Amino acid sequence: FKGGDTCEYLLSSGRFLGEKVWQPHSCMMHKYKNSEAKNCLIDKHIVFIGDSRIRQLFYSFIKLINPQVKEEGNKHGNIPFEDKSASIKVDFLWYPEVNGSMRQRIKSWTEGSVAKPHIIVAGAATWSIKIHNGSNEALTQYKINITSIAPLLEKLAKSSDVYWVLQDPVYEDMLSESRKMITNEKIDAYNEAAVRILNSSSRNSKAKVKVFSVSKLIAQETIMKSADGLHLPESSRDTNAMILMNVYCNKIMKPIDGSCCQPQPPLTLIQKLAFCFFTLSIIGYLIINLIHRNNYRKNKSCTDLESGEEKKPAISTPNVSTLEMLLHSFCKLGLIMTYFYLCDRANLFMKENKFYTHSSFFIPIVYILVLGVFYTENTKETKVLNREQTDEWKGWMQLVILIYHISGASTFLPVYMHIRVLVAAYLFQTGYGHFSYFWIKGDFGVYRVCQVLFRLNFLVVVLCIVMDRPYQFYYFVPLVTVWFMIIYATLAIWPQIVQKKANGNCLWHFGLLLKLICLLTCIYFLSYSQGAFEKIFSFWPLSKCFELNGNVYEWWFRWKLDRYVVFYGMLFAFIYLALQKHQMISEGKGDPLFSNRVSNVLLFISIVSFLTYSIWASSCKNKTECNELHPSVSVVQILAFILIRNIPGYVRSVYSSFFAWFGKISLELFICQYHIWLAADTKGILVLIPGYPMFNVLVSTFIFVCVAHEISQITNDLAQIVVPKDNSTLLKRLLCIAGFFSGLLLFSAMQDQSRH
């Protein structure tokens, strides 16, 4: 750890991921689009001054603003560029040698009457080596000239961004006869002189010329692909231009996936209040703990001085009070949230970009599947989708999704489409599980609703406060929360139809089907009426929950992507429970679900359907078109998997305890990964141990899983306290929670006003 200035790392160090992706040491580079580049550089004047290598960098830079630019014009002359729509001026000035002419041009910018460029990129040396045949006298003159230019550049650095580009190595075997004197030994000598002289007079000053040395590292890897041994291939030039854009623009645009050169965000009012709350909780818990320890010592068994016999304490160790449990939970949570903040908001730990390879995704998948098979145990019950089986299903799906995220596999469309099915399967289980509970139990009480809402949303609400992120940012939790409320409303609205009532009169089954048809109609209408959907969720305070970047489009997109699958889950639960009630399926241990003939036919159809979907998903060419079909067809693979997993009795009777363990904390794993396993809000990877990628993943994964498990326990403990079974106490708690959220909305509004 050398401090928070990641700009220094960006300009001086890094490595290639694969052949073309450059990874700066310790931070993440954002890939700027033309519109973003224009927004950053609006009303700016940029000057590139130097030789043909600087001209190459100039062209790569202006192509980030306008990709249609062609490399035309006088190669040994000045080249202007202007984007009138954004008032951007970029000039290349031909000064192939560091000499009096270059000094005069730079000096003109230091005089008061001339407008100074906002960015100056300079560099030259190879022409001096070539013209003077690599003589030592030329190097001595170069040192003298750069010494005279250095104070002028340092003066400009007080008001402008000034970069000196060090000379890239050459590929000596490919150099033409007229360039044979340009050797890497000579280039190193010129670079050493430039680095030693620049900034020598402003060693302790903030105004420094930034030395652009990373280009050397990039060239060392790619100069072999050069056309003439001197000039870099286009991909390397583009990388240098993107680095230059990140150095200047990240602090202005603040992209989430561009952590290089970004300052640490200031603490908001809500974050400060959260910090005070957790600090008081830790202090309060320590005080209570000390009081209990002192009481325990006083009541500890002691020796009677008269008889010499040991006395037993009159008072036994007291039970943990509600207040102590509350403070203990918030104490642990406060320490965990500090770790979250340090990982993804403070510039303490490093962050790196993701880079996808097939091996980085598929090898871990095979590894965890083998582990899961080794931990096979018998289930306590053999019903379809029993508790152990659904936990196992959630567990392996969550592990696959985690590997998908850390490996950056979203860039590979077949993998993306299969992961979309796993997300849909989670929502299918939401529909199946909540429908089954309400249908069988008939419990529509407030206690049940509050328990579910608390367990789903507690961690996300805390993270919204601590990490200063909107609720919709953690999109999966709003999704399952809204669908739970839709399921509840569908079944709780009059007439309340439950299994006990329907058993007395078969007509109630048709009434329930009518309710489900109405639900399907509403879903269909909202999915094709974006305006109506956005109006519903744009009302305050709903808008505070579902807006992201000032609109609810992201929420509409997420909801629409899996709009039918919860309905399919409810319908499947209804059909399954009806078949179970009429004893049309066999769920004994080792028994097939249906008769042997029917089971074999259904199993064959399921396997064919499962493989057919996979073939279709693997042949997808366009993400938008496949996403349009996904809501209607994803259920095919989900149902196929359920039948394959449950029709054979011996398969239904076993489960993987390894996957089931992860399934019990799947929600916490999904949310925690945003900040303490991945980084920059899932855009990158957290680096706790730099230089050792595999060891880093092992350590960060271990901490991540432990934290997720601990948060799951904290949530369960707090759910018992915050959501009591007694209705009058629960009503008081709900009023307190309403007051808390009202205060949160008020502080949030104050923050928004201060930002604007």
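The domain assignment splits this protein into domain 1 (6-253), domain 2 (349-723) and domain 3 (727-755). Keep in mind as you look around that this is a predicted model. Two places are picked out below: a pocket and a helix.

**Domains**
- Between the C-alpha centres of domain 1 and domain 3 there are 53 Å.

**The second largest pocket**
- The second largest pocket holds about 1600 Å³ of space.
- Its lining is made up of 42 residues, and those nearest the centre of the pocket are Arg387, Thr390, Lys394, Gly433 and His434.
- Eight helices appear here as elements giving two or more residues to that lining: helix 13 (387-407), helix 14 (413-441), helix 15 (446-466), helix 16 (476-492), helix 22 (565-581), helix 26 (657-664), helix 27 (666-676) and helix 28 (693-722).
- Helix 14 contributes the most, with eleven residues.
- If you are thinking about chemistry, the lining residues comprise 17 nonpolar, 15 polar and ten charged.

**Helix 24**
- Helix 24 (residues 623-646) has 24 residues, which at 1.5 Å a residue should span 34 Å; the C-alpha atoms at its ends are 32 Å apart, so the two values agree.
- Along the way, helix 24 has a kink of about 65° at His630, shortly before the proline Pro631.
- At the start of helix 24, the backbone nitrogen of Thr624 has a side-chain oxygen of Asn622 within 2.9 Å.

Note on methods:
Residues are numbered from 1 along each chain as its sequence is written. This is a predicted model: local features need pLDDT of at least 70, side-chain atom pairs count only at pLDDT 80 or more; totals for chains, interfaces and linings use all residues. Side-chain values use heavy atoms; hydrogens and water are left out. On a 1 Å grid over the protein atoms alone, a cavity is a set of points where a 1.4 Å probe fits but cannot get out, and a pocket is an open set with protein on both sides within 12 Å along at least five of seven lines; lining residues have an atom within 4 Å of a point. Grid points are joined across faces, edges and corners, and a volume is the space filled by probe spheres set on the points. Helices (H or I, at least four residues) and strands (E, at least two) are DSSP runs, numbered from the N terminus. Ala, Val, Leu, Ile, Met, Phe, Trp, Tyr, Cys and Pro count as nonpolar, Asp, Glu, Lys and Arg as charged, and the others, Gly among them, as polar. The expected span of a helix is 1.5 Å times one less than its number of residues. The bend at a residue is the angle between axes fitted to the seven residues ending there and the seven starting there. A polar contact is a pair of N or O atoms within 3.5 Å; within protein, one must be able to donate a hydrogen and the other to accept it, and residues adjacent in sequence count only if both atoms are side-chain atoms. Domain bounds come from an automatic or database domain assignment.
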